[in-house]
Structures are given as structure tokens and as C-alpha cells.
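Visitor: I have the model open and would like a close look at a single part of it, with enough context to see where that part sits. Could you pick one and walk me through it, residue by residue where that helps?

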Amino acid sequence: MTAVEVATLDELVEGEALGIEIPGSEIEVALVRIGEEVFAITDECSHGKVRLSEGDVEVEQCRIECHLHGSRFDLRTGQALNLPATEPVPVYPTVIDGERILVDIDNPINNQEN
Ligand code: FES
């Protein structure tokens, strides 16, 4: 497992996405804090080349909405929940170590069950 430190908890506002590039990789993710959990979803919609981090987070449903056409993605699985997107977006496991947030870039979850 390659866990890369990407941010600290105090950089995240609950319910808002923070778009970052993971250091040492070309992977861009939207980090989302909900309660004591942090999710890392690839920062590109599967329907078009727009950043998911610019969309709204739906905290209670644990999902993020693409701002362009309104598809929603489950932050836990990356699954597309409504059209027009049909393909999932990879999500990465995260580890919270004190204040540090680490992302496991070797083990993306890419849920193909739509
Ligand atoms: S670009 Fe995201 S739903 Fe179309």
C-alpha cells in the first residue's frame, strides 16, 4: 500500500469538496469530509471532463453532484447514481492519522455495478 499524505483535517470544511493533485502522482481527487470520515473520489466526472470538486456535496446521502449535468456519484463506491453518467468514477481508500489525511493510491475502488 502506498499511502500518500494529501492534506490535514483542518484544511477540509465538512460538506465541501477540495480538489487536489496527489503529490508524486498524476492522480487528482476531490477530498470530501463528512463527519469523521474523508472520501477521495477522482476529480473528473465520467460523463465529461469537468471537475467533481466544483459540484455540490450531499452530506446526508454521502454523494457529490456533477455541476454540469447533475449526475451524482456515491462517495463510498464511485458509482454513478443517475443519468447522464453511467460509468463509475474511481475512489481511493483514505486513512486518517491524527490530523493527517493519507490516500492509498494503489488500491482504487472502481465499482462497475450500475
Ligand atoms: S459532465 Fe458530469 S454529468 Fe455530464
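Guide: Let's start with overall dimensions. A compact globule of 114 residues would have a radius of gyration near 13 Å, and the chain has 13 Å, so the two agree. Please keep in mind that this is a predicted model. Along the principal axes, the C-alpha trace spans about 40 × 25 × 20 Å. Of the 114 residues, 45% count as buried. The surface that the chain exposes comes to about 6000 Å², with carbon and sulfur atoms supplying 44% of it. Among contacts with a separation of 6 or more, 41% come from residues 24 or more positions apart.

The secondary structure is quickly told: there are 10 strands and zero helices. Read from the N terminus, the elements therefore go β-β-β-β-β-β-β-β-β-β.

The part I would pick is strand E3, residues 28–34. Six of its seven residues are buried, so the rest of the structure largely encloses this strand. E3 belongs to an open sheet of four strands in the order E2-E3-E4-E8, paired antiparallel. At the edges stand E2 and E8, each with a single partner strand, so each has one side left without a neighbour in the sheet. As a general reminder, strands of a sheet pair through backbone hydrogen bonds, either parallel or antiparallel.

Take the E2 side of E3 to begin with. Strand E2 covers residues 17–21, and five bridges join it to E3 in the antiparallel sense. Two of the pairs are easy to find on screen: Ile20 has Val29 as its bridge partner in E3, and Glu21 has Glu28. The second of these puts two glutamates opposite each other, which may catch your eye if you are assigning charges. Between E2 and E3 the hairpin has six residues, and in that turn Gly24 has a positive phi of about 80 degrees.

Now cross to the other side. Strand E4, residues 37–42, pairs with E3 over six bridges, again antiparallel. Here Ala30 stands opposite Ile41. This hairpin has two residues between its strands, and Gly35 takes a positive phi near 60 degrees.

What lies around the far end of E3? One residue to look at is Val59, in the loop between E5 and E6. Leaving aside neighbours within four places in sequence, Val59 is in contact with Glu14, Gly15 and Ile34. Ile34 is part of E3, which ends at residue 34, so this contact links the loop to our strand. Val59 also sits 8.9 Å from Arg33, C-alpha to C-alpha, although the two are 26 residues apart in sequence. Val59 itself has a relative accessible area of 33% and is partly exposed, because that value falls between the 20% limit for buried and the 50% limit for exposed.

The loop that holds Val59 also holds Cys62, between strand E5 (57–58) and strand E6 (63–65). Phi of Cys62 is near 55 degrees, a positive value in a residue that is not glycine. Cys62 has 6% relative accessibility and therefore counts as buried. Cys45 is buried as well, with a relative accessible area of 4%. Cys62 is in no disulfide, and the nearest cysteine sulfur, which belongs to Cys45, is 17 Å away. In fact, the structure holds zero disulfides.

Further along the chain is another spot worth a backbone check. The peptide bond from Leu83 to Pro84 is cis, with omega near 10 degrees. Pro84 lies in the loop between strand E7 (72–74) and strand E8 (91–92), and E8 is one of the edge strands of the sheet that contains E3. Ser71, from the loop between E6 and E7, packs against this stretch: its contacts beyond four places in sequence are Ile64, Glu65, Cys66, Asn82, Leu83, Pro84 and Ala85. A polar atom of the Ser71 side chain lies 3.4 Å from the backbone oxygen of Leu83. Ser71 is buried, with a relative accessible area of 1%.

Back at E3, then, the picture is a largely enclosed strand that pairs antiparallel with E2 through five bridges and with E4 through six.

Conventions. Residues are numbered from 1 along each chain as its sequence is written. This is a predicted model: local features need pLDDT of at least 70, side-chain atom pairs count only at pLDDT 80 or more; totals for chains, interfaces and linings use all residues. Side-chain values use heavy atoms; hydrogens and water are left out. Buried means under 20% relative accessible area, exposed over 50%, partly exposed in between (1.4 Å probe, protein chains only). Contact means heavy atoms within 4.5 Å. Two strands pair if DSSP finds at least two bridges between them. A polar contact is a pair of N or O atoms within 3.5 Å; within protein, one must be able to donate a hydrogen and the other to accept it, and residues adjacent in sequence count only if both atoms are side-chain atoms. A disulfide is a pair of cysteine sulfur atoms within 2.5 Å. The radius of gyration is taken over C-alpha atoms; the globule rule is 2.2 Å times the number of residues to the power 0.38. Accessible areas come from the Shrake-Rupley method with a 1.4 Å probe; for residues, only the protein chains shown count as cover.
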